[in-house]
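Reader: Hi! I'm in my first year and still learning how to read these pictures. Could you pick one part and take me through it closely, then show me how it sits among the rest?

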Amino acid sequence: MKRLMGFLLFLLLSEARSLDLPTNGLPEFMDYEDLVELDSGNSFFPTENRRYQRSILNDHESDQVMENADDQITLYSYKVQSTVTSRVANTVVQSKVVNNSPDPQNVELEVQIPKGAFVTNFSMIVNGVPFTSTIRERTVARGLYAQARAKGKIAGWVSSNTLDMENFKIEVNVLPGSNVQFELHYQEVKWRKLGSYEHRLYLKPGRLAKHLEVNVWIVEPQGLRFLHVPENLGDHFDGIPVITKGKQKAHVSFKPTVAQQRKCPSCSETAVDGQLVIKYDVTREKKAGELEVFNGYFVHFFAPENLDPIPKNILFVIDVSGSMWGIKMKQTVEAMKTILDDLRAEDQFSVVDFNHNVRSWRDELVPATNAQIADAKKYIEKIQPNGGTNINEALLRAIFILNEASNLRMLDPNSVSLIILVSDGDPTVGELKLSNIQKNVKSSMKDNISLFSLGIGFDVDYDFLERLSQENHGVAQRIYGNQDTSIQLKQFYNQVSTPLLRNVQFNYPQEFVTDVTQNSFHNYFGGSEIVVAGKVEPDKLDHVESIITATSANAQLVMDTLTEMDGLDAFLSKDKHADPDFTRKLWAYLTINQLLAERSLATTNIDKKKITRTILQMSLDHHVVSPLTAMLIESADGDERMLADSPMDQRRPCCQGVLLSSGKKTAQSSIPSWAKPSPTMGPMSMKQAQVLVATPPPHVMRVENDPHFIIYLPKSQKNICFNIDSEPGKILNLVSDPGTGVLVNGELIGAKRLKNKKLSTYFGKLAFYFQNHNIKIEISTEAITLKNGLHTTILSWLDTVHIVHKKLFVSMKKEKTVNITLDGDMSFSVLLHRVWKKHPINVDFLGIYIPPTNKFSPNAHGLIGKGNHSRNKGIFQLASNMAEICLLISSDPLSNCN
């Protein structure tokens, strides 16, 4: 092609993986009736009904763009459009540059994309000649590119040294009076960190733009809990972003005028050079997970809250070799001092530091008391970096300390064990062969230990640290050696500082659910999110079921989720900004990444080749630029070809993947035996509970609204009903058994208003106290709270959950019942009665059912307290005043009434 006089230069990550993305432009954000405007800096506060100045370019401003005589290139337009649908972000960057000079001009355009994002499409028009892109197998694409290069056409690649961005550069030669247009598509998945998602758009137009426009649409079916736009672009653009936010949708626009883009009123340089950051989180207070099904795929998001942290046994392994001298060591010490202060009282810790020798602050784990933390900080402050790097011995020392503590039974059986390695270089002392270090660590590490590796700078073999962590239930992260090293170290620690669950396993027992991604996870940390995806056959299923098993700080949990196949159809079909293909893209993203991780850990060539073939086929099927594919850019006639390829890092073997979460895939039938309780464990099944409302069977004592108590008398085979009039807020003692240490109290609530001159009362809260087990269970119409000593677990009626704690079994059915079984001999059922929210009189209330088969002691009695049961007393407090009516749980219901 004669008119093309330049070359294309850009980077795709060395691990780049991408997914298919539609190429059409995004329509305007116009039909969200529930949106309200927010202040760009404070989404947590009341909204302000104001709009900021839109980008309206008049003729005077158009002339001002060209006022600089030595700038003969006009950036006519610079537009960024981005949509986020259920964590899947699609971004399009468009630009048009005009050469107003009488001579040809070289034009360089640069876009920065977040690390981990995948370029999915690229097209451009240079001097009127269009170029489009296709995804090919790497060797095929390189062969076609070589043919074009032999004709004098060139292409190259650029490496990135930025913290969280990669460069995509284009340089072309534009003829006089002509222009160049380009359009770049990339895709990424939003991962939750420290309680929020961050969507970053790096804006670098390079010069004043006649038309500069950024639009971001966020669509989250779960609902938006908050949305916030920090002022990362600086005070210069304060107030220019416009935010509109609804319950499930939000729009952020940034449209500065030419005058607003200038660094100063008389400047010809643009001030637009930075990141537009949008932070948000979804609504998840009422249930732990969200299962979304659409277009033959499902995506399962899991981020439970209201759980007590699991105690940690943590070893910090710090490189203090000579290469750490200076700013890296200073920043590491500052970070460690803050991290040690963040340890909890129930945690245990120690510090191992190494150069050519290996030392430890303590040879055993010690409690994280104030005195121990202060002493550890003094030890770290005295470190003087010098010598070589003996990674092998340092890690083995840390593993030995944890293993020894475990063998001596010094570890809490419900705790988690972590090793955090901080290093800036390859081993230079001791074992030098990386594969041998990997084997030594793997063979010594017990299965309950997780290894997290932080590589500082670019001298460290990051690929080795990745493999080391992947094999041992952890992840690796590169830390950039600069003034922000301390902040980066602390941020990473914060992500793993709060383990809430361990041994988390997702199961989808239905036959027509297939190709499930990683479904077993070693740990779940607070503020993060676990994501699982798979395929479904819509024609053969009405719903998708999941069973999650996990261990918390004080119990074993089983959580059931049931989602209808067409649950999202109506929502997505009426929203033109929602990506209808987000489930497929997310499934492909997870699958390809996990295959790349498996490939890097494959131990035989046969396994590696098999995985390689699978990755290649998936990459081609899903239009993904992976380490096995490349993007070929060519003109319509095929005469001009360019290659979008990434060079191979000489420090790393080909095609290394990133393990996004530590864990593995397990068989769908591998549900733990304890998670499969017998249907008879609870006092009644759901069908029985529903029948009770109308006709109670003879084996159940029921307590219902206003409140009346029905007891079946076995000898007379009759039901006796006791009624009591009381006031809202009063606490009634229903069952008290000093012999077994069982107490059941109920707190009354009232109707919204009088009916027939009487205010009806109901049970709005029930409390169970099992004193011998130190377990309290409080059930309200909103939530279920379990307290075991210092540990608390809060559940919602929107979940179906089973909890196993020693001899206690709690089974909760979504929006229906809670069954409590203790020692297999005593059981209670609580039924939730929902009413229409806008009902003029009725309110939601609870019913309790107690079978006479419960093995209470001879001293068991049930009293309805009056008098001193004030609303200020706790629901777990025993009644001090004996009441008039006794509910008997014995062979003779009328005996022992006092």
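Author: Sure, let's start with two rings. Phe302 and Phe506 are both buried. Keep in mind that this is a predicted model, and everything I tell you is computed from it.

Now look at how those two rings face each other. Their centres are 5.4 Å apart and their planes stand at 90°, so Phe302 and Phe506 form an edge-to-face pair. Angles over 60 degrees get that name. Try tracing the chain from one to the other: Phe302 sits in strand β18 (residues 297-302) and Phe506 in strand β26 (residues 499-507), so the pair links distant parts of the chain, 204 residues apart.

Phe506 has another partner. The rings of Phe506 and Phe521 have their centres 5.8 Å apart with planes at 80°, so this pair counts as edge-to-face too. Phe521 belongs to strand β28 (residues 520-525) while Phe506 is in β26, so the pair ties together parts that are 15 residues apart in sequence.

How buried are these rings? Anything under 20% relative accessible area counts as buried. Phe506 comes out at 0%, so it is buried, and Phe521 is buried because its value is 4%. Put the ring pairs together and you get a cluster made of Phe302, Phe506, Phe521 and Tyr524. Across the structure there are 16 aromatic pairs.

Stay on strand β26 for a moment, as it has an oddity. Asn503 is in this strand, and it has a positive phi of about 50° although it is not a glycine. Here's the background: most residues other than glycine have a negative phi. Asn503 is partly exposed, because its relative accessible area is 42%. Leu194 shows a similar quirk, with a positive phi of about 55° although it is not a glycine. You'll find Leu194 in the loop between β10 (179-189) and β11 (197-203). With a relative accessible area of 46%, Leu194 is also partly exposed.

Next, look at the nonpolar cores. The largest one has 61 residues, and the members that touch the most others are Val504, Phe768, Phe770, Ile777 and Ile779. A second core, separate from that one, has 56 residues, among them Phe122, Val216, Val252 and Phe254. That fits a broad pattern: in soluble globular proteins, nonpolar side chains tend to be buried together.

Now go back to β18 and look just before it. Asn295 lies in the loop between β17 (289-294) and β18. Setting aside neighbours within four places in sequence, Asn295 is in contact with Pro580 and Thr583. Asn295 and Glu537 are 242 residues apart in sequence, yet their C-alpha atoms are 9.3 Å apart in space.

Thr583 falls in helix α11 (residues 582-601), and so does Thr591. At 14% relative accessibility, Thr591 counts as buried. Not counting residues up to four places away, Thr591 touches Thr517 and Met618.

There's a helix pair worth finding as well. Helix α4 (residues 327-341) packs with helix α9 (residues 485-496) at an angle of about 35°, with the axes 8 Å apart, and α4 passes α9 in a right-handed crossing. On the α4 side, the contact is made by Gln331, Thr332, Glu334, Ala335, Thr338 and Ile339, and on the α9 side by Thr485, Ser486, Leu489, Lys490 and Tyr493. Sorted by class, that contact has four nonpolar, five polar and two charged residues.

A little before α9 in the sequence comes Ala476, in strand β25 (residues 476-479). Ala476 is buried, because its relative accessible area is 18%. Leaving out neighbours within four places in sequence, Ala476 is in contact with Ser453, Tyr462, Leu465, Glu466 and Ser469. Ala476 and Phe492 are 16 residues apart in sequence, and 9.9 Å apart in space from C-alpha to C-alpha.

Finally, zoom out. The protein chain has 13 helices and 50 strands, and buried residues make up 57% of its 898 residues. Remember how Phe302 found a partner 204 residues away? For the chain overall, residues 24 or more positions apart account for 71% of the contacts with a separation of 6 or more.

Definitions and conventions:
Residues are numbered from 1 along each chain as its sequence is written. This is a predicted model: local features need pLDDT of at least 70, side-chain atom pairs count only at pLDDT 80 or more; totals for chains, interfaces and linings use all residues. Side-chain values use heavy atoms; hydrogens and water are left out. Axes are lines fitted to C-alpha atoms, for helices over the stretch in contact, and angles run from 0 to 180 degrees between N-to-C directions. Helices (H or I, at least four residues) and strands (E, at least two) are DSSP runs, numbered from the N terminus. A crossing is left-handed if the near helix is turned anticlockwise from the far one by less than a right angle, and right-handed if clockwise. Contact means heavy atoms within 4.5 Å. Ala, Val, Leu, Ile, Met, Phe, Trp, Tyr, Cys and Pro count as nonpolar, Asp, Glu, Lys and Arg as charged, and the others, Gly among them, as polar. A nonpolar core is a set of buried Ala, Val, Leu, Ile, Met, Phe, Trp, Tyr and Cys residues joined through side-chain atoms within 4.5 Å. Buried means under 20% relative accessible area, exposed over 50%, partly exposed in between (1.4 Å probe, protein chains only). Rings of Phe, Tyr and Trp (its six-membered ring) pair if their centres lie within 6.5 Å; planes under 30 degrees apart count as stacked, over 60 as edge-to-face and the rest as tilted.
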